[in-house]
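Please open the model in a viewer and keep the selection tool at hand. The tour below proceeds by selections, each followed by a description of what is found there.

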Amino acid sequence: MESVSTLQEGSDFMSPTSSSRSARKDAQYNRAQILDAASRAFASQGVDASMDAIAKDAGVGAGTLYRHFPNKDALLAALLDAHYQTLETKRQLIASEDIEADQMLDRWIDALGDWMLVYNGLPEPLRAAWSEVRSPLSPTCRQAIETTDQFLNKAKREGRARQDLTGHEIFLAALAIAWASGASTADGSTRSALRNLLKLGWTTGKDQQRS
């Protein structure tokens with residue numbers, strides 16, 4: 001009879017610990033492949049890209065995809081986390097600039113709009129996240145609104161933004177602009193024109209006195 005030590009020396013033997021490590025590595029690899037495939041699909045086809053097509057491109061079965069990401073919002077949320085890091089870097093740069101508070105808010109709204117347009121059709125699932133608080137996209141949206149509130153409150157304290165506005169309202173307005181900018185009837189000037197209208201809505205006009 002072979003001893004335990006002899007069996008352990010065999011190439012086919014795998015301890016429970018080794019087996020679990022291998023499973024974790026496989027799961028991490030599959031998750032990375034899914035995210036890469038989803039990023040390509042959303043970039044080329046927008047958020048309407050098929051989950052089945054994403055699974056096929058990732059080289060995994062649909063069941064594997066849904067074990068990692070139970071719905072498309074969960075997949076979008078994972079991808080947007082990485083994009084939000086870029087937005088956070090922009091926030092830090094804006095906050096460090098030697099400019100008036102209303103200019104900071106204006107630049108933040110512009111950066112927020114860029115983030116909302118990272119994938120064609122993204123504004124709609126972001127909007128829907130507010131009617132479904134359990135949406136995987138809700139935490140990221142709340143974080144963006146909290147930052148908007150910070151810039152807005154600073155502008156309010158300096159008398160450069162209307163006192164009755166909230167970060168939530170500005171976030172929704174920016175979302176509407178992003179949606180309109182991505183519409184098939186929009187042209188290159190649509191976003192700029194709508195952004196100017198939004199600014200007229202939140203500013204007190206003190207920025208005009210500087211010019």
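## Aromatic pairs and helix contacts

Three aromatic pairs are present in the structure, which is a predicted model. For one of them, select tyrosine 84 and tryptophan 115: their rings are arranged edge-to-face, with 5.7 Å from centre to centre and 85 degrees between the planes. Tyrosine 84 belongs to helix 5 (residues 72–96) and tryptophan 115 to helix 6, so the pair ties together parts that lie 31 residues apart in sequence. Now display the surface around the two residues. Tyrosine 84 has a relative accessible area of 3% and is buried; tryptophan 115, at 4% relative accessibility, likewise counts as buried.

**From tyrosine 84 to helix 8.** Keep helix 5 selected and add helix 8 (residues 138–157). The two helices pack with their axes 12 Å apart, at an angle of about 5 degrees. Because angles under 35 degrees count as roughly parallel, helix 5 and helix 8 are roughly parallel to each other. Next, show the side chains at this contact. Helix 5 contributes Asp81, Tyr84, Arg91, Ile94 and Ala95, which meet Thr140, Gln143, Ala144, Thr147 and Phe151 of helix 8. By class, the residues of this contact comprise five nonpolar, three polar and two charged. Tyrosine 84 thus appears in the aromatic pair with tryptophan 115 and also in the contact of helix 5 with helix 8.

**From tryptophan 115 to helix 10.** Return to helix 6 (residues 101–116) and select helix 10 (residues 190–202) with it; the angle between them is about 140 degrees and their axes are 12 Å apart. Helix 6 is therefore oblique to helix 10. The crossing of helix 6 past helix 10 is right-handed.

Which residues of helix 6 and helix 10 meet? On the side of helix 6 they are Asp102, Leu105, Asp106, Ile109, Asp110, Gly113 and Asp114, and on the side of helix 10 they are Arg191, Arg195, Leu198, Lys199 and Trp202. The residues of this contact divide into seven charged, four nonpolar and one polar.

**Aspartate 106.** As the last selection, centre the view on aspartate 106, located in helix 6. Is aspartate 106 buried or exposed? Its relative accessible area is 18%, so aspartate 106 is buried, the cut-off for that class being under 20%. Leaving aside residues up to four places away in sequence, aspartate 106 touches Arg195, Lys199 and Trp202. These three partners are among the helix 10 residues that meet helix 6.

Note on methods. Residues numbered from 1 in each chain as written. Predicted model: local features only at pLDDT ≥ 70, side-chain atom pairs only at ≥ 80, totals over all residues. Heavy atoms only, no water. Axes fitted to C-alpha atoms, helices over the stretch in contact; angles between N-to-C directions. Helix = DSSP H or I, 4+ residues; strand = E, 2+ residues; numbered from the N terminus. Parallel < 35°, antiparallel > 145°, perpendicular 65-115°, else oblique. Left-handed = near helix turned anticlockwise from the far one by under 90°. Contact = heavy atoms within 4.5 Å. Nonpolar A, V, L, I, M, F, W, Y, C, P; charged D, E, K, R; others polar. Buried < 20%, exposed > 50% of the residue type's maximum accessible area, 1.4 Å probe, protein only. Phe/Tyr/Trp six-rings, centres within 6.5 Å; stacked < 30°, edge-to-face > 60°.
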